[in-house]
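Please find below a few remarks on the model, set out as numbered points. They are best read with the coordinates open alongside.

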Amino acid sequence: MDDYPLNVESFKKDSYIEKKEKIHVHKSLDMNMPIFHYLKFEYFLCILDNNRLYFSNREKLTDLREKGKKSNPKNVFRPTICQFNSESERKLHFEQQRILDSQIEVALNTCISCWTYEETNKLPEDHLMWRAYGGHGIGIQIETKLGDLLDSFKNVQHDIVVNKVDYVKERAIY
């Protein structure tokens with residue numbers, strides 16, 4: 001398996017274009033695509049009051065798949081036995097582990113704003129989204145176009161990477 005560093009340079013190499021300074025969008029996305037954001041009504045009032053969109057720290061997300069964690073603990077920790085034939089192999093192994101640890105730290109300190117889209121242009125009424133993010137019946141759905149959302153960002157201080165997320169069903173390891 002190849003290393004895939006978690007930085008903007010990696011995203012640029014992987015079919016991303018810079019739509020605006022510090023905003024990197026996957027080439028497959030249509031800027032006119034309608035997108036939807038479900039949230040509690042009080043969060044919406046905060047957006048209006050502060051004139052800012054909230055990005056949640058990845059660790060605070062309720063969906064384990066959005067956190068990048070597996071729900072099956074058997075898949076989380078895999079025991080490994082390390083046997084090295086030389087000091088250089090040992091050093092290489094620990095350097096690779098250090099790089100992986102730093103990538104995990106970056107991933108867990110990433111902030112995320114989750115939006116949905118409907119490819120069939122039907123009005124999306126997703127009951128799971130309402131239940132998860134709608135605040136027990138007192139929620140709101142924001143609708144905009146991807147391009148309009150990105151155009152609304154001013155004075156971007158951190159890199160923003162935009163792409164679709166594909167959820168993959170986990171396989172059990174026995």
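1. Two strands are taken as paired if DSSP finds at least two bridges between them, and the elements themselves are DSSP runs numbered from the N terminus, with helices being H or I of at least four residues and strands E of at least two. The model is a predicted one, in which local features need pLDDT of at least 70 and side-chain atom pairs count only at pLDDT 80 or more, while totals for chains, interfaces and linings use all residues. Residues are numbered from 1 along each chain as its sequence is written, and side-chain values use heavy atoms, with hydrogens and water left out.

2. An open sheet is formed by three strands in the order β6-β3-β7, with antiparallel pairing. Because β6 (116-117) and β7 (139-145) stand at the edges with a single partner strand each, one side of each has no neighbour in the sheet. Strand β3 (residues 34-40) is joined to β7 by seven bridges, and within this antiparallel pair P34 faces K145 of β7.

3. P34 also has a partner in space that is remote in sequence: its C-alpha atom is separated by 7.3 Å from that of E118, although the two residues are 84 apart along the chain. E118 belongs to the loop between β6 and α5 (127-133), and with a relative accessible area of 25% E118 is partly exposed, where buried means under 20%, exposed over 50% and partly exposed in between (1.4 Å probe, protein chains only).

4. Strands β1 (residues 16-20) and β2 pair in the antiparallel sense over four bridges, and I17 stands opposite V25 in β2. The two strands form a hairpin with two residues between them, and K22 in the turn has a positive phi of about 70 degrees.

5. V25 reappears in the largest nonpolar core, which has 13 residues, and is listed with L29, L146, L150 and V162 as having the most contacts inside it; such a core is a set of buried Ala, Val, Leu, Ile, Met, Phe, Trp, Tyr and Cys residues joined through side-chain atoms within 4.5 Å. Two or more residues each come from β2 (23-26), α6 (146-151) and β8 (160-162), and α6 gives the most, with three residues. Leaving aside neighbours within four places in sequence, L150 is in contact (heavy atoms within 4.5 Å) with K20, I23, V25, M31 and V162.

6. The structure holds zero disulfides, a disulfide being a pair of cysteine sulfur atoms within 2.5 Å. C46 is partly exposed at 42% relative accessibility, and C114 is partly exposed at 24%.
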